[in-house]
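User: Please take a close look at a single part of this model, and set it against the chain as a whole before going into detail.

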Amino acid sequence: MNAWFEKQFKLSEHGTDVRTEILAGITTFMTMAYIIFVNPGILSTTGMPFGSLLVATCLGASLATFLMAFLANYPFALAPGMGLNAFFAFTVVLGMKIPWQVALAAIFIEGVIFILLTCTKVREEVVNSIPKTLKIGVSAGIGIFITFIGLQSAGLVVANPAVLVGLSPLRSNAGGLLALAGLLLMVTLETRRVTGGILIGIVAVTLAGIPLGITKMPAGIVSMPPSLSPIFMKMDFSMIAQPTFWVIVLTFFFVDFFDTVGTLVGVASRADMLDKDGRLPKASQALMSDAIGTTAGAVLGTSTVTTFVESASGVEQGGRTGLTALTVGILFLLATFFSPLIAIVPACATAPALIMVGGYMMMGFKDMDFSDWTEFFPAIIAFFMMPFAYSIAAGIEFGIVSYVALKLLMGRGKEVNWLLYVLAVLFILNRALL
């Protein structure tokens, strides 16, 4: 078996081994397993059955992640994206009164468009046209973004009407204190170079939460998956001739496109997967995995499948090849049968992993050229916009527009890739018209 893994994923070439890759895959899965329950919870508000959505979530994630493993040999995991599922449920279906079957049709068409663009190398060119400084800013921005998500998930940062967000009262926040203890444990293990330190921390916090009543023990371990038939192949294309339908398609398209680009660039940059020219090898294969995953997700009955930023947790544990992704995909398949067991991992156990990985990703700023404001400032804009706008796509958008604008104002427009000019115009038009 080890020989097959070596031949398929070229482990030694990437400086890794089977044990490291599997531990990295388990770590990635643990940090993103919340989607198994959160995605059905959001989409079920539309009237879609929760159980069927849980199965669709796991199958969609598994299929797309397997594609990433075998097509691109990258350690990235995919699943129905947060934000996109909320747009599907609360804006399109509940807000615009569009049937969920029509919304699935919009996602299916979005996925087909992605497949066509990937075949023509357009998406790959977008990934590779982003300058190195912006890639550093995007990577660090994703870091602060997932740190913010981790702090929220731990219950440490909460809404505050006076100043938008604030610190929760710690004396009455057992989960938050447990998350802080878990973070300290993870950092200690990582400092001591203990393999799988993040995963050990997640398990330790989960176990510590049992006597505190934070970790809820399941009534059983194995459960038979519900039927997928209520949502499988239920796309409704009856509104395809209406302008509203294409506004929905374009919105899904825009957010998914740049969320995926941002995640691939950010995590690959942190993992030193970019070549000497700052380009991502096999970008086309990685993007095709995402595109097919989105299309298949719509067929299965779930919202847009995209590359997950939590993949960074596995990368920080040493994951460098598709074996990490293969491990995640297998765990998603098993999750359809072991969902009660997976559900016991509390948010305060995975939150410190996100905080720690966020810190790792912000280390990329050490390679930034702080002497050139036309390079440095757009990266900072991308860095801050991601957490404050709560959107990776928004960070890329503002970063590229400011990069192009500053280069032009300084008479250095020739330094800008032509594709960035096109993107800047599209971003401006998007904000003006949609």
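Analyst: About 17800 Å² of the chain is accessible surface, 70% of it belonging to carbon and sulfur atoms; such areas come from the Shrake-Rupley method with a 1.4 Å probe, and for residues only the protein chains shown count as cover. The model is predicted, so local features need pLDDT of at least 70 and side-chain atom pairs count only at pLDDT 80 or more, whereas totals for chains, interfaces and linings use all residues. Residues are numbered from 1 along each chain as its sequence is written, and side-chain values use heavy atoms, with hydrogens and water left out.

The secondary structure comprises 19 helices and four strands, which are DSSP runs numbered from the N terminus (helices H or I of at least four residues, strands E of at least two). The chain is as compact as a globular protein of 434 residues, because its radius of gyration of 21 Å is close to the 22 Å of the globule rule; the radius is taken over C-alpha atoms, and the rule is 2.2 Å times the number of residues to the power 0.38. Buried residues make up 57% of the 434, where buried means under 20% relative accessible area, exposed over 50%, and partly exposed in between (1.4 Å probe, protein chains only).

The part chosen for the close look is helix H7, residues 122-129, which is largely enclosed by the rest of the structure because six of its eight residues are buried. These buried residues are Arg 123, Glu 124, Val 126, Val 127, Asn 128 and Ser 129. Their cover includes helix H6 (100-119), helix H8 (132-153), helix H11 (243-270), H12 and helix H19 (418-433), judged by contact, which means heavy atoms within 4.5 Å. In the chain as a whole, 80% of the contacts between residues at least 6 apart in sequence join residues at least 24 apart.

The loop between H6 and H7 holds Lys 121, a residue other than glycine whose phi is nevertheless positive, near 70 degrees. At 41% relative accessibility, Lys 121 counts as partly exposed.

One of the elements covering H7, H12, spans residues 283-300 and is followed by a loop that contains Thr 302 and leads to strand E4 (305-307). Thr 302 is buried, with a relative accessible area of 0%. Leaving aside residues up to four places away in sequence, Thr 302 touches several residues, including Leu 104, Ile 107 and Gly 297.
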